[in-house]
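Let's walk through this structure together, starting with its cysteines and moving on to its nonpolar cores. Have the sequence and the 3D view open as you read.

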Amino acid sequence: MKPNRHLDDATLLSYSAGALPAALAVVASAHLERCTTCRERLLDADRIGGVLVQQQRVDVPADDARAAMLALLDAEPAEALPTAPAEVIEERNPDRLPSALHPWFGPSMRALRWRRVAPGVQRIRASGIAGGDLMLLRIAPGSKLPLHSHGGSELTMILDGAYDDLLGHFGPGDVADLDGETLHQPVTSPGVPCICVAATDAPLVFSSWMARTLQPLFGF
């Protein structure tokens with residue numbers, strides 16, 4: 001299935017520049033593996049970033065750098081990287097996690113060893129990663145998570161199943177690129193558990209006092 005929810009422009013520019021926190025970069029990489037649209041946009045971000053670097057060099061006149069950037073923006077869109085579409089990869093081996101997740105969780109979905117952290121919620125937290133918190137979540141069908149916002153940025157990519165919130169429907173391959181202004185309450189779709197990989201650079205901010213009280217126990 002082709003992803004319908006994509007990385008934000010600012011996230012792609014930060015990823016291209018190597019400025020995205022490590023945990024967020026892992027999720028961005030996983031999405032890029034399965035999203036032709038975002039790979040094409042990343043190539044454009046790389047090209048624009050190269051012009052910005054050139055513009056900062058003292059030996060390049062400002063007028064020449066500006067003209068080069070305008071020429072890039074007016075150019076034909078960059079071709080996609082020569083990799084197989086996401087839906088082909090998933091149909092061939094639905095058990096395989098995105099390659100970007102292998103160093104932290106291994107290659108196999110079936111081999112994951114989940115830990116229950118709340119009713120209907122299981123988690124595997126990556127250890128040894130700097131620059132944020134990285135985890136896999138397995139949420140039972142039809143579950144409603146507590147209403148919350150974010151103390152910083154959050155990237156969540158759906159690996160299997162789906163959920164809905166005020167932002168719309170998120171299915172396999174989709175990524176939710178959220179900031180501190182986003183207030184939402186995901187509700188997982190019926191049928192199968194929603195399995196996703198999530199990264200944050202600050203703790204979640206829960207609206208209810210009960211969720212805030214239990215937050216240290218759940219580790220979100």
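The structure holds zero disulfides, a disulfide being a pair of cysteine sulfur atoms within 2.5 Å. Take C194 and C196: the sulfur of C196 is 4.9 Å from the closest cysteine sulfur, in C194, so the two are too far for a bond. C194 is buried at a relative accessible area of 1%, and C196 counts as buried too, at 4%. Here buried means under 20% relative accessible area, exposed over 50% and partly exposed in between, with a 1.4 Å probe and protein chains only.

A word on the source: this is a predicted model, in which local features need pLDDT of at least 70 and side-chain atom pairs count only at pLDDT 80 or more, while totals for chains, interfaces and linings use all residues. Residues are numbered from 1 along each chain as its sequence is written, and side-chain values use heavy atoms, with hydrogens and water left out.

Now for the nonpolar cores, that is, sets of buried Ala, Val, Leu, Ile, Met, Phe, Trp, Tyr and Cys residues joined through side-chain atoms within 4.5 Å. The largest has 32 residues, and L7, L101, F105, L134, L136, L159 and V197 have the most contacts inside it. At least two residues of this core come from each of α2 (22-34), α3 (36-56), β3 (133-139), β5 (154-160) and β10 (194-200). Helices (H or I, at least four residues) and strands (E, at least two) are DSSP runs, numbered from the N terminus. With eight residues, α2 gives the largest share. A second, separate core has 15 residues, including V117, I139, L145 and C196.
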